[in-house]
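Student: Hi, I have just opened this one and would like to go through it slowly with you. Could we start as soon as it is on the screen?

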Amino acid sequence: MMKRSVTTALICFLTVAIFGQNANMILEKVDQNMSSKNRIFQSTMTIYGKRNSRNISSKTYTEGNKKSFTEYLSPASEQGNKMLKLENQLWIYSLSTDRIIQISGHLLRQSVMGSDLSYEDMMDDRKLTDIYSAKVTGSEKIDDRICYVLELTAKVEDVAYYSQKIWVDEERFIPLKKELCAKSGQLLKRMELKEIQRIQGRWFPTCATYKDMLKDGKGTEFRMTNIQFDQTIPDYIFTKAALKQ
Amino acid sequence: MIKFLLKGILHDKSRSLLLIIVVCIGVMLTVVLYCWMKGIIDEALMLNANFTTGHLKVMTRDYAKNADQMPNDLAIIGVNALVKELKADNPDIDWVKRIRFGGLIDFPDPKGETRAQGPAVGWAIDLFSSGSREKERFNLEKSLVTGKPPHKPGEVLISNDFARKFNVKPGDTFTLFGTTMNGSMAFKNLTVSGTVLFGSAVLDRGAIIIDITDAQSAFEMDDAAGEVLGYFKNGQYDDDKAITVANAFNSKFAKSKDEFAPIMLRLKDQNGMAEYVDYANAVGEFMVFIFILTMSVVLWNAGLLGGLRRYKEFGIRLAMGEEKRHIYSTLIYEGLLIGTVGSVIGTAIGIGIAYYLKVVGFNLGDMMKNASLMMPSVARAVVTPTAFYIGFIPGLLSMILGNALSGIGIYKRRTAELFKELEV
């Protein structure tokens, strides 16, 4: 009897350990695909408003999770505006007023241009393994792709979303769907990642749909084109001087 | 008889002075309390009407559902035609366009980078059209602390506390950072022409007033506005008229399911004003009632004591053949006279105090530092025709009631026992 209990306990412990290890391994593989030393890409953000939809195109340079520079290319009202993120600070340059405005603190949680993304969503590019602990809770199919279902819980304080549920393509190790939640468990945002392409040896989603679950509307579509990973980006790009050039 | 009783009251101060003082104090307090409550309610109503609700307000249906968030993406488009139509239908109402907005105000350093920054609530009103009464409604001229009112587009007023916090003077420029009607980032450089003190904790914390044309260009709102407000040209809110106008307007769109169809709300429909006014009136009436009740009980008690003191007098009068009914009626008349004298004096003093409170006011600013209600920082009383009788009538009635109750004892006196009592 005693022997049976010990054996059962051992099997449970090993199962948890193995699954825990599996969850971390899955997350690491996701990070290998999603994270890079740096990235340069062009993107079009389609914001579905109540009355109409708008397309905003931009070019972005990012380096790790601490530096990001974006220049808006269209429409005409946005053209010439730029954003620079260094560490946890964000500066916005407006061509029409020739001013650099710093945004910080709770303002980073505000929506970018009326979209369903916040400045924090756009800026936070940390590796999931650095922020979350994970466990596999099951398996589901999304768009005919079998996915691991992972539940992530924050292991650091400064996170925008305390917990996430992600559906990771078993074959390509790309999240196809994410549910981002607050500490209370309230679902805050839902993301769907599509049009997975093979770029420079990695799988990468080139289209993401964000939906802010706390407001009405059809959400925001973020589509990336011309993505290049691990390029040489001049240092001056990530300076305030570059905002006014 | 009245003259006789009056002589008695004036000569025998021991039976009248205390009662007059009691009535006087009670009436005075009632009048002051009423004028004070009315002043606070009226000022809060006026402040809300001028700044927020108007006497009537037109918005799109979706905007109305979230009005406190100032959702300019749900603004009225084609507002010029709407205002023209409203003016034609209701020429006795002054219709004005307004845009309310929130945003960041960013003050630059010499390099053009952020020196100081703060959130602000803004009103975009018609500052420059001839015939516009918006400056008057916002009391801009009188509340100006430094600088001068805006004279051209691009010039704005900010709250004085806000300016002091960020060390900003008239002539300084800043950038307004907000969101356009379409959701894009909005930037506009503006110049501080002056600073104002609104006298309301909410507004003084961070408010900015700009011309509506500046807002329309900054937020890409050509021929659009968040709100259209209507004010009765005589300046007085008429709820019955407001109901008629609102119902007539809303009936035109009753069948429409368009979330952007306009809807008209009257003052009492907004910001819980109806509940606020009803609650405040109920509280005021309740407090007045308590005063009257207390006063009546005190006067009844005083009447009983008076009755005890005048026990022999009533006994002699009964023994001399005066009817009980007659003695009782003289008591009532005495009550009437004392009540009148006390009420007149109390009303006069009460109105005097209320007038003083109207002129000087009571500064509630320190108590309202973190307030989020649109309440005036200085509470003032208001003297209305009602003040002349709100205390007078209850003062009079309570004296009569007190005497009436205390005089019941007369009917219990028995003639057969009178002489025995008098022997003592």
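Student: How many residues does the contact take from chain B and from chain A?

Tutor: The contact takes 17 residues from chain B and 17 residues from chain A, where two residues are in contact if their C-beta atoms, placed from the backbone, lie within 7 Å. Please keep in mind that this is a predicted model, in which local features need pLDDT of at least 70, side-chain atom pairs count only at pLDDT 80 or more, and totals for chains, interfaces and linings use all residues. Residues are numbered from 1 along each chain as its sequence is written, while chains are lettered from A and ligands numbered from 1 in the order in which they are written.

Student: Which elements give two or more residues to the side of chain B that touches chain A?

Tutor: They are strand 3 (93-108), strand 7 (173-179) and strand 8 (185-196) of chain B; helices (H or I, at least four residues) and strands (E, at least two) are DSSP runs, numbered from the N terminus. Strand 8 of chain B provides the largest share of that side, four residues.

Student: Switching to chain A, is strand 10 largely enclosed or not, and why?

Tutor: Strand 10 (residues 175-181) of chain A is largely enclosed by the rest of the structure, because five of its seven residues are buried. A residue is buried if 20 or more other C-beta atoms lie within 10 Å of its own, exposed if 12 or fewer, and partly exposed in between, with C-beta atoms placed from the backbone.

Student: Which strands of chain A pair with strand 10?

Tutor: Strand 9 (residues 163-169) of chain A pairs with strand 10 in the antiparallel sense over six bridges, and strand 11 (residues 187-199) of chain A pairs with strand 10 in the antiparallel sense over five bridges; two strands pair if DSSP finds at least two bridges between them. Val168(A) stands opposite Pro175(A) of strand 10, and Leu180(A) has Lys189(A) in strand 11 as its bridge partner.

Student: What is the phi of Phe173(A) in the turn?

Tutor: Phe173(A) has a positive phi of about 55°, in the hairpin of strands 9 and 10 of chain A, which has five residues between the strands.

Student: And where is Asp143(A), and is it buried or exposed?

Tutor: Asp143(A) sits in the loop between strand 7 (132-142) and strand 8 (145-154) of chain A, and Asp143(A) is exposed, with 12 other C-beta atoms within 10 Å. Its phi is positive, about 50°, although Asp143(A) is not a glycine.
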